[in-house]
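I opened this entry to look up ring contacts and the charges that sit over rings. The notes follow the order in which I checked them.

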Amino acid sequence: MRDADVIVIGGGIIGCSVAWQLSKLGKSVLVLERKDVASGSAGATDGVVGYHTKKPGKQMDLAVQSIAMFRNLGRDLGEEIEYGFQAGGMQPVEDKMQWDILSEIVEQQRKSGVDIRMISTEEARRIEPQLSPDIYGALYSPTGGKVNPLKLTMAYARAAKRLGARIQTETEVTGFIREDGAVKGVETNKGPFRADVVVDACGAWAGKVAALLGLDLPIKPRKGQLAVTEPVGPFMKATLQCARYNVIKFRPDAVTDPAVKRLGASLSIEQTREGGMIIGGTREFADYEGENTFEAVEVMLKRAARFFPALKNVAVIRFFSGFRPFTPDGMPLLGPVRGVPGFYMAAGHEGDGIALSPITGKLVAEQIVFGESSYNIDAFSPNRFL
């Protein structure tokens with residue numbers, strides 16, 4: 001006897017989005033989460049929703065569709081998710097090398113019809129007056145936005161539950177039920193649960209869960225450390241990363257400093273509605289070691305003060321970290337896994353999970369229910385790694 005039509009493993013932002021979209025399509029859904037909803041990456045990140053950090057091509061096209069969904073997402077979910085459209089996204093540039101690299105990336109990104117451009121120092125400071133004048137210029141995307149990732153994840157979860165989905169926390173998947181080679185459910189620390197389809201939406205842990213089926217899918221945890229300051233008055237409107245963020249992401253070969261490479265040290269900063277500044281910008285391969293380190297904290301706070309000198313005397317009230325699900329080609333794994341009927345992947349978004357969560361849930365749900373999605377996601381198939 002089945003416990004649901006579909007079991008979704010993982011109660012993070014991707015898992016809850018998939019559960020909501022499946023429930024909208026009439027499927028009975030059971031979400032199994034080993035800790036609590038939003039206890040992974042969604043609860044340990046900023047809320048950037050922008051085009052300018054996306055890989056040109058298929059991922060950018062996916063982002064265009066996803067960000068379009070954000071405009072009505074709060075209404076569709078029936079909750080306030082603190083989405084700010086046209087907050088703007090900016091990446092200040094420090095030298096000509098960074099300018100040339102970002103200009104080349106922007107040229108490719110613009111092929112998807114998005115408004116991203118390179119601007120002068122003067123124009124950047126008119127948009128963000130607190131920005132240091134000691135920059136070479138900036139990348140700017142006027143339609144960049146931001147959202148509260150915790151509120152968004154909980155809104156997905158509650159909307160799914162209103163449609164009949166069940167969410168069971170503190171339930172760890174320990175194995176799979178297979179019959180004639182097909183997945184028919186999972187084994188957990190709370191006993192077995194049966195369904196005809198199982199979705200692995202476990203974020204940075206998705207590779208470990210897939211390994212329970214004997215699959216070698218290269219999703220690894222990449223730690224991001226963050227700091228939160230005391231509330232300050234209106235300070236900045238845009239979400240901002242330094243240019244090094246995109247250089248590390250798209251052209252790591254151009255980074256020569258060993259410490260910068262090891263820490264993935266850049267800057268990501270935004271201001272919350274409550275006035276606090278969220279400061280981050282590390283991408284570290286540290287397995288599942290989640291402690292904050294003095295080295296990383298010092299680097300990202302110095303980067304914040306380098307671009308925003310007025311922050312030098314602002315107090316930091318807490319530090320935290322989270323794991324981003326890294327893949328070798330920077331693209332998520334979406335869809336069915338070859339040779340394992342009934343098993344689907346929805347993971348591997350690294351730092352793009354917040355922005356891509358609406359479209360990921362929609363397209364994966366469509367594949368499960370209809371056998372194909374409204375937008376071809378073959379480029380994201382997990383089978384490219386098998």
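**Aromatic rings and charges**

I began with W205, which is partly exposed at 22% relative accessibility. The model is a predicted one, and I kept that in mind throughout.

I then looked up the partner ring, F323, and found it buried at 11% relative accessibility. The ring centres of W205 and F323 are 5.7 Å apart and their planes stand at 85 degrees. I logged the pair as edge-to-face because that angle is over 60 degrees.

Next I checked where the two residues sit in the chain. W205 is in the loop between β12 (197-200) and α7 (206-211), while F323 belongs to strand β17 (residues 316-326). The pair therefore links distant parts of the chain, 118 residues apart. I also noted Y288, which forms one aromatic cluster with W205 and F323.

How many aromatic pairs does the structure hold? I counted nine. Among them is W20 with Y156, a tilted pair at 5.9 Å centre to centre and 40 degrees between the planes. I placed W20 in helix α1 (residues 13-24) and Y156 in helix α6 (residues 149-162), with the two positions 136 residues apart.

Are these two residues buried or exposed? I found W20 buried, with a relative accessible area of 5%, and Y156 buried at 0%.

Last, I looked for charges over rings. The charged end of K24 sits over the W20 ring, 4.3 Å from its centre. I recorded K220 over the face of F285, at 5.0 Å from the ring centre.

Technical notes: Residues numbered from 1 in each chain as written. Predicted model: local features only at pLDDT ≥ 70, side-chain atom pairs only at ≥ 80, totals over all residues. Heavy atoms only, no water. Phe/Tyr/Trp six-rings, centres within 6.5 Å; stacked < 30°, edge-to-face > 60°. Helix = DSSP H or I, 4+ residues; strand = E, 2+ residues; numbered from the N terminus. Buried < 20%, exposed > 50% of the residue type's maximum accessible area, 1.4 Å probe, protein only. Lys NZ or Arg CZ within 6 Å of the ring centre and 35° of its normal.
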